[in-house]
Amino acid sequence: MWNEFKQFAMKGNVIDLAVGVIIGGAFGKIVSSLVDNVIMPIIVLLTGQVDVKDLAFKSIKYGVFIQNIIDFFIIAFTIFLFIKFLNRFKKKEEVKEQAPVKVGRSEELLAEIRDLLKEDKDFLRKNETP
């Protein structure tokens, strides 16, 4: 049972997930600080309104909920841009890693037959009489 657990815990996906959760937590704090200390004060200045977090109805602080939704969308969009940026490099690496595929003689002959059949089909279409 211990060996099975070690195999599970040492799989690349589990480790990648753990790293992602840790980095996501730290990144969430950075984005929350950006929203709280930079973006929301600018919005307050532009709109002349109170901070969203201050919105409340009696003891129900719905402004905090709205602020968390704003945080979520900013975090999600920022992570989307970051992943898109990383995938650009990943695709370049995949293209470099692909070695030319060696095709056997039978595959070459099949490709030639396919091309000849296609040429014959195109020739027949062009010379059909309506």
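**Group meeting: salt bridges and the nonpolar core**

Let me start with R105, which is exposed, at 53% relative accessibility, where exposed means over 50% relative accessible area, buried under 20% and partly exposed in between, with a 1.4 Å probe and protein chains only. Before going on, I should say that this is a predicted model, in which local features need pLDDT of at least 70 and side-chain atom pairs count only at pLDDT 80 or more, while totals for chains, interfaces and linings use all residues. Residues are numbered from 1 along each chain as its sequence is written, and side-chain values use heavy atoms, with hydrogens and water left out.

The side chain of R105 meets that of E108 in a salt bridge, at 3.2 Å from N to O, the term requiring a side-chain nitrogen of Lys or Arg within 4 Å of a carboxyl oxygen of Asp or Glu. E108 is partly exposed, at 36%, and because the two residues lie 3 apart in helix α4, residues 105-126, about one helical turn separates them; helices here are DSSP runs of H or I with at least four residues, numbered from the N terminus.

The structure holds 2 salt bridges, and D115 forms one with R114, the closest N and O atoms being 3.2 Å apart. R114 is exposed at 54%, whereas D115 is partly exposed at 36%.

Turning to the interior, the largest nonpolar core has 6 residues, namely V31, V35, M40, V52, I74 and I75, a core being a set of buried Ala, Val, Leu, Ile, Met, Phe, Trp, Tyr and Cys residues joined through side-chain atoms within 4.5 Å. Helices α2 (12-47) and α3 (62-97) each supply at least two of its residues, and the largest share, 3 residues, comes from α2.
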